[in-house]
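I set out to look up the aromatic ring pairs in this model and how accessible the residues that form them are. The entries follow in the order in which I worked.

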Amino acid sequence: MDRAIRTYGKNGEELSLTYADIEWGDFRRERDRIISELDIYALSDRNISQEMIDYRQFLRDLPSNYPGELANDACDAWNNYVKPQELS
């Protein structure tokens with residue numbers, strides 16, 4: 001989930017960059033969808049890397065680690081998180 005809104009000119013040059021406010025409901029729906037997609041990595045018959053364990057925990061903890069009226073800080077933290085190699 002990215003808050004950045006970019007506009008580009010005819011030649012492909014970036015004209016402006018603004019950031020949208022993210023509501024917690026929208027944020028949680030997207031986070032829950034991603035966690036659900038990652039569930040396959042946590043099945044008992046698979047070896048899950050520590051990176052993936054940490055990433056899943058990071059996603060679950062976002063709402064409590066970034067309290068506030070809007071989910072902007074949580075969204076920014078998620079975008080800056082280095083994803084596990086399995087997801088590259």
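Entry 1, accessibility of one ring. I looked up Tyr 81 first and found this residue partly exposed, because its relative accessible area is 23% (buried means under 20%, exposed over 50% and partly exposed in between, with a 1.4 Å probe and protein chains only).

Entry 2, basis. I note that the model is predicted, that local features need pLDDT of at least 70 and side-chain atom pairs pLDDT 80 or more, and that totals for chains, interfaces and linings use all residues. Residues are numbered from 1 along each chain as its sequence is written, and side-chain values use heavy atoms, without hydrogens and water.

Entry 3, ring pairs. I found four aromatic pairs in the structure (rings of Phe, Tyr and Trp, the last by its six-membered ring, with centres within 6.5 Å; planes under 30 degrees apart are stacked, over 60 edge-to-face, the rest tilted). For Trp 24 and Phe 27 I read a centre distance of 5.4 Å and a plane angle of 85°, so this pair is edge-to-face. Both residues lie in helix 1 (residues 24-38), three residues apart, about one turn of the helix (helices are DSSP runs of H or I, at least four residues, numbered from the N terminus). Trp 24 is buried at 10% relative accessibility, and Phe 27 is buried at 0%.

Entry 4, the tyrosines. The ring centres of Tyr 55 and Tyr 81 are 5.3 Å apart with planes at 35°, so I recorded the pair as tilted. Tyr 55 lies in helix 2 (residues 50-65) and Tyr 81 in the segment after helix 3 (72-80), so the pair ties together parts 26 residues apart in sequence. Tyr 55 is buried, with a relative accessible area of 3%.

Entry 5, cluster. I found Trp 24, Phe 27 and Trp 78 linked into a cluster by ring pairs.

Technical notes: Helix = DSSP H or I, 4+ residues; strand = E, 2+ residues; numbered from the N terminus.
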